[in-house]
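The following exercises are to be solved from the sequence and the coordinates. Each task is followed by a worked solution.

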Amino acid sequence: MRGEGSFAAAGRPGRRAVLAGGVGALFAAAVGACGGGSGSARSAAPTMRAPTPVPGIREGVFSLGVASGDPLPDGVILWTRLAPEPTAGGGLPARDVEVDWQIARDERFADVVRGGTQLATASFAHSVHVDVRGLEPGRDYFYRFRAGDVLSPVGRTRTAAAAGTAGGRLSFALASCQDFQNGYWPAFDAIAADHPDLILHVGDYIYEYDPDSRFADRRHTTPETPGLNQLRTLADYRNRYGQYKSDPALQAAHLAAPWVVAWDDHEAENNYAGLVDESGDTGERHQDQAAFARQRAAAYQAYYEHMPIRAQLDPGSSDLRIYRRLTFGDLLTLNVLDTRQYRTPLPGAPADGIGAVSLGRDNTGGTMTGAQQEMWLVDGLRSSRSRWNVIAQQTMMAQLHGQLNAGEVLTNLDQADGYLPYRRRILSAVRDTGVSNPVVLAGDIHCAWVNDLRVDFDRPETPVIATEFVCTSISSQFFLISEDFVRENNARFNPHVRYFRGDRRGYTRVTVTDAEWRADMRVVDTIDERSAPTSTDQTWVVEAGTPGARKA
């Protein structure tokens, strides 16, 4: 049975680890037509090999849980990592391990439809990515792994609706920014309890800072070079992911539904842009582009190793394409952007990212996506026939101006305000392509927003062309001086803001139908405890064909 379901040929993968189209027809010879409807002929269902103890594989080897992601109508990525000592290098010998996997229509695995064996290689931290294909569209599946004689937890995943499928319903959670040291993650327990079709995470899955927490059990792992408030090496990043992914609430959310992920800055370093490290870094903290490229290569490899993402990784390279497009029947197209890897440096290079509005306005050569990704996005908008069209990015698209003590009007140049000509190009494309029902999603800013979007925010009389929903953080702290300060400045400078709240952590729960987009702004009572109640603060609705949100 061993060779039939193997994702990788015997031996180590070469320079390139590929997760792409055809490799997902795993175990097709054994499965036959089992991917068809209830009336299709079926051959014998795939079964796992007999459990055999493997030296070094013991209980706890699945300490990081399991996950799935990037759903297609006929497939999904399945992920796990073997790591009995997740914050101490993983805890396995430096040899490859065969891992069996199964995916079934039922949680008891009485109706298994795909299965196989994949090599968890030491060179990729014993992580496993399986691109399963041949599944039915728009339905739930359950999956599990086994290493030696140890079974993993069982995860639930769901395929996307098939192209051409009209109507339907899609539910998902929008989340970002989970600073482990700042508190616990009851929001993830609430997301798991929602049983969404999808979880969309738009960045800051880990934070790179040195150990410093008011909670004894939430102190960060110690990097190889403490005192820099940075991670530098592949081992640093792997141990930090091991710590974050050990959290039971995060594991529960991964078990509950497939994820679509994109990084922001903290997965590498705060406020980095392209190959330029954080503005304001001096001394040992500052790196030239060659040194930062090595750090970014380590960060990107660790990200790949720990995410259920369909991507291609060249080990040692500082490049990894993660921008991609997913469709859900005729209901929704999801454009997932990467606004870190290709962006130009922050104009003026302010140490804290805050600067004069004029710096962003005059940034004519600036970009957050790079030319190639921008063209890809615009072409996708132009050709889309979906009812709803989503741009998921990391930082807020809408204008956010403020004034402190009657001084100069300032903005966060790390957001789209720092790249104003670029923003006008993107929003002009949204308007000029005539794409149906555009919505922008973002995170990063640790507070929740609903914003009207227009091409020129300085002309509030011009038409609203789209709505932006920004989720608050899972646990990262609010940093915009005070709620009153933000509300006062919104009233003076930002009339397009329909909703703002910064004092609570949480997520945004979205339900999409042909007729409407409904967004619940979910807040948790406290992050000082592992378990806490979660409630809906407000609900906002966008009606199909009518740009702009209204309070439900």
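## Exercise 1: The surroundings of glutamine 403

Leaving out residues up to four places away in sequence, glutamine 403 is in contact with Glu408, Val409, Phe485, Asn489, Arg492 and Phe493. The model is a predicted one.

**Task.** Determine where glutamine 403 lies, whether this residue counts as buried or exposed, and with which side chain its own side chain makes a polar contact.

**Solution.**
1. Glutamine 403 belongs to strand 18, residues 401-403.
2. The relative accessibility of glutamine 403 is 16%. Buried means under 20%, so glutamine 403 counts as buried.
3. Its side chain makes a polar contact of 2.6 Å with the side chain of arginine 492. Arg492 is also one of the residues that glutamine 403 touches.

## Exercise 2: The open sheet

**Task.** State the order of the strands in the open sheet of 7 strands, identify its edge strands, and describe how strand 21 and strand 23 pair.

**Solution.**
1. The order is 14-15-17-20-22-21-23, with mixed pairing.
2. Strand 14 (324-328) and strand 23 are the edges, since each pairs on one side only.
3. Direction ignored, neighbouring strands of this sheet are turned against each other by 15 degrees on average.
4. Parallel pairing is found between strand 15 (residues 332-336) and strand 17 (residues 388-392), joined by 5 bridges. Within strand 17, alanine 392 stands opposite valine 336.
5. Strand 20 (residues 438-442) and strand 22 also run parallel, with 4 bridges. Valine 470 in strand 22 is the bridge partner of alanine 442.
6. Strand 21 and strand 22 run antiparallel and are joined by 5 bridges. Here aspartate 452 stands opposite threonine 467 of strand 22.
7. Strand 21 (residues 448-453) pairs with strand 23 in the antiparallel sense over 4 bridges. In strand 23, phenylalanine 500 is the bridge partner of tryptophan 449.

## Exercise 3: Burial of two strands

**Task.** Establish how many residues of strand 22 are buried, how many of strand 23 are buried, and which strands helix 9 lies across.

**Solution.**
1. In strand 22 (residues 466-470), 5 of 5 residues are buried.
2. Cover is present on both faces of strand 22: Ala466, Glu468 and Val470 are buried on one side, and Thr467 and Phe469 on the other.
3. In strand 23 (residues 497-501), 4 of the 5 residues are buried, so this strand is largely enclosed by the rest of the structure.
4. Helix 9 (residues 483-493) lies across strand 21 and strand 23, and runs at about 175 degrees to strand 23.

## Exercise 4: Helix packing and a helix cap

**Task.** Characterise the crossing of helix 3 and helix 5, and find which residue caps the N-terminal end of helix 4.

**Solution.**
1. The axes of helix 3 (residues 234-245) and helix 5 (residues 289-306) come within 8 Å and cross at roughly 35 degrees. The crossing is right-handed.
2. Helix 3 contributes Leu234, Tyr237, Arg238, Tyr241, Gly242 and Lys245, which meet residues of helix 5 including Gln295, Ala298, Ala299 and Ala302. By class, this contact of helix 3 with helix 5 has 7 nonpolar, 4 polar and 3 charged residues.
3. The cap of helix 4 is aspartate 247, with a side-chain oxygen 2.9 Å from the backbone nitrogen of alanine 249.
4. Helix 4 (residues 248-256) has the buried residues Ala249, Leu250, Gln251, Ala253, His254 and Ala256.

## Exercise 5: Residues in loops

**Task.** For asparagine 229 and aspartate 444, give the value of phi and the loop in which each residue lies. Then locate aspartate 362 and find its distance in space from glycine 418.

**Solution.**
1. Asparagine 229, a residue other than glycine, has a positive phi near 60 degrees. Its loop is the one between strand 11 (198-201) and helix 3. With a relative accessible area of 27%, asparagine 229 is partly exposed.
2. Aspartate 444, also not a glycine, has a positive phi of about 80 degrees. The loop between strand 20 and strand 21 holds aspartate 444, which is buried with a relative accessible area of 10%.
3. Aspartate 362 lies in the loop between helix 6 (357-361) and helix 7 (371-383). Its relative accessibility is 55%, so aspartate 362 counts as exposed.
4. Aspartate 362 and glycine 418 are 56 residues apart in sequence, and their C-alpha atoms are 9.0 Å apart in space.

Note on methods
Residues numbered from 1 in each chain as written. Predicted model: local features only at pLDDT ≥ 70, side-chain atom pairs only at ≥ 80, totals over all residues. Heavy atoms only, no water. Buried < 20%, exposed > 50% of the residue type's maximum accessible area, 1.4 Å probe, protein only. Pairing = 2+ DSSP bridges. Polar contact = N/O pair within 3.5 Å; in protein donor to acceptor, adjacent residues only side chain to side chain. Axes fitted to C-alpha atoms, helices over the stretch in contact; angles between N-to-C directions. Contact = heavy atoms within 4.5 Å. Left-handed = near helix turned anticlockwise from the far one by under 90°. Nonpolar A, V, L, I, M, F, W, Y, C, P; charged D, E, K, R; others polar.
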